[in-house]
Amino acid sequence: MTAPLLTLPLLLCLGQTSEPTPTEPPFQARLSFYAFDEDIDADGSATSFHAALEGHTPELASGLRAEATLSFFLSTALTQGIALQDFGSNFRLRYRPSGWEAGEGLTVAVHPITTPRLYMGFTWPVTWERVAFPRRGGNESALELRLSRRRWDAFVALKSANVLDDLRLDFSRRYALLAGGFLDVTPELRLAVKGTVMNRGQVPGAAPQGVELHVPVRGASLGALWHRGEPVGNNVDLTLYTGDPTFFERFFQPEAYPGGFGASVSLEGSLVSQGLLDPETAPPQGRTQTSGAGALEARVKQGFWRAHALAYVRTPGFIQVDVPGFPPYQDFRSGAETRAEVSGTLSSDYHLQAWGLTPGLLLRVTRPASLRNAPLDLPGRNYTAVFHGPNQLDFLPEGVDPKPMVTVKATARWDLGAVAGVLAEVSYTHDPNRTVFEDDVTGIGEPVLQPASEVGVNVLLQARF
């Protein structure tokens, strides 16, 4: 396994973390302040504080080490006080037999509170199952076992949570199994695969009628990565890292600019099926919904200049897969017309070494996913739902079709040595699908189009110790 490949996002997405070197301090702390406002002319701005502490022990026995990561958010709760939210804290035991190389060995990891580090897919826009059980009562914990060798890696993980059973009016324990790994076919080509199987529990809409229906889920993700030359790091696009706990811990790791050429191309696809409620049968019956997503990403570096390109596609069912369904736990109606989301992003930046500053520009064009004949239970109304994310929807007036969205960003990364860093972006978005519901003359709410233009500002500050 070559050193450049160890720095690539596909390896991080598989959950692999580099083995501590003897020169690393036993503890590393990162404190991050994140402020975001997607539209400065509207409500919705927010701030959050993220704290991460990573520690590792010296050898407890020959080849055996213990590691831990504490990661959490501090935010203002709906009532007075401060809310504490876990963001993938975990504890690991690593064992490297004598004669094995650095990075090889057996790892046992416990994720006691949340499990966003264990998921399906590889690239953020098309990842899923960071949360396996949306109706859990308490923590979602996991146990992970991983074996790493020079050219391959394999893992198996078991997620678990107490899930509400509406039929018995009690909580029952459910499990989700994930497994996968990667293989370095050549020093430049890596293939990866993941699979999952689980049962999310009862369908809430069927339980009041005494019908027992479950939500079984089956899915697989395949990925391939080709890399040559110098490793190319992530671009400055904060919207691509929402929900990824490794972002705050690793984004500000220094990137080398030795003056050479580097390039990488990754391709992936995910297919998932789950059992949902058939909205067109009585008494309630189950129906299988199949959905999918794919992504193609390319990165290029020449000297101090970098370019990134990302294209992905997601079906409406895939966007809602972790909710799941729309309406919740229901499949789409047979007569509903669905259209997948297709998005393309181009970005470029240049590193000013003397100042530690990396300014850049980004352009994104997206045709949003949509569902015609959205089920709102309003007779005589025929709205089209536009999906921006899980349960993030706009409903278009009758006769209005979804239109493409365009985003332009000016980005900047400022590295203040090894102790601090700043990310900032100013964006302009033209989204002609924005709506709000307003009462018509009969007192019934109708979707009304809003101004398409919005200007947003995001800032991330981080201090490291």
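In this predicted model, ring pairs join seven named residues, Phe73, Phe87, Tyr241, Phe247, Phe248, Phe251 and Phe252, into a cluster. Across the whole structure, the search returns 16 aromatic pairs. One of the pairs brings together tyrosine 241 and phenylalanine 247: the ring centres are 4.8 Å apart and the planes meet at 5°, so this pair is stacked, with an angle under the 30 degrees that the class requires. Both partners, tyrosine 241 and phenylalanine 247, are buried.

An edge-to-face arrangement is found for phenylalanine 395 and phenylalanine 437, whose rings lie 6.0 Å from centre to centre with 65° between the planes. Phenylalanine 395 belongs to strand E20 (residues 392–396) and phenylalanine 437 to strand E23 (residues 435–439), so the contact ties together parts of the chain that are 42 residues apart in sequence. How buried or exposed are the two rings' residues, phenylalanine 395 and phenylalanine 437? Phenylalanine 395 has a relative accessibility of 14% and counts as buried, because the cut-off for that class is under 20%. Phenylalanine 437, in turn, has a relative accessible area of 41% and is therefore partly exposed.

Aromatic rings also meet charged groups here, as two further contacts show. In one of them, the charged end of arginine 149 sits over the ring of tryptophan 100, at 3.7 Å from the ring centre. In the other, lysine 194 places its charged end over the ring of tyrosine 119, and the distance to the centre of that ring is 4.5 Å.

Definitions and conventions: Residues numbered from 1 in each chain as written. Predicted model: local features only at pLDDT ≥ 70, side-chain atom pairs only at ≥ 80, totals over all residues. Heavy atoms only, no water. Phe/Tyr/Trp six-rings, centres within 6.5 Å; stacked < 30°, edge-to-face > 60°. Buried < 20%, exposed > 50% of the residue type's maximum accessible area, 1.4 Å probe, protein only. Helix = DSSP H or I, 4+ residues; strand = E, 2+ residues; numbered from the N terminus. Lys NZ or Arg CZ within 6 Å of the ring centre and 35° of its normal.
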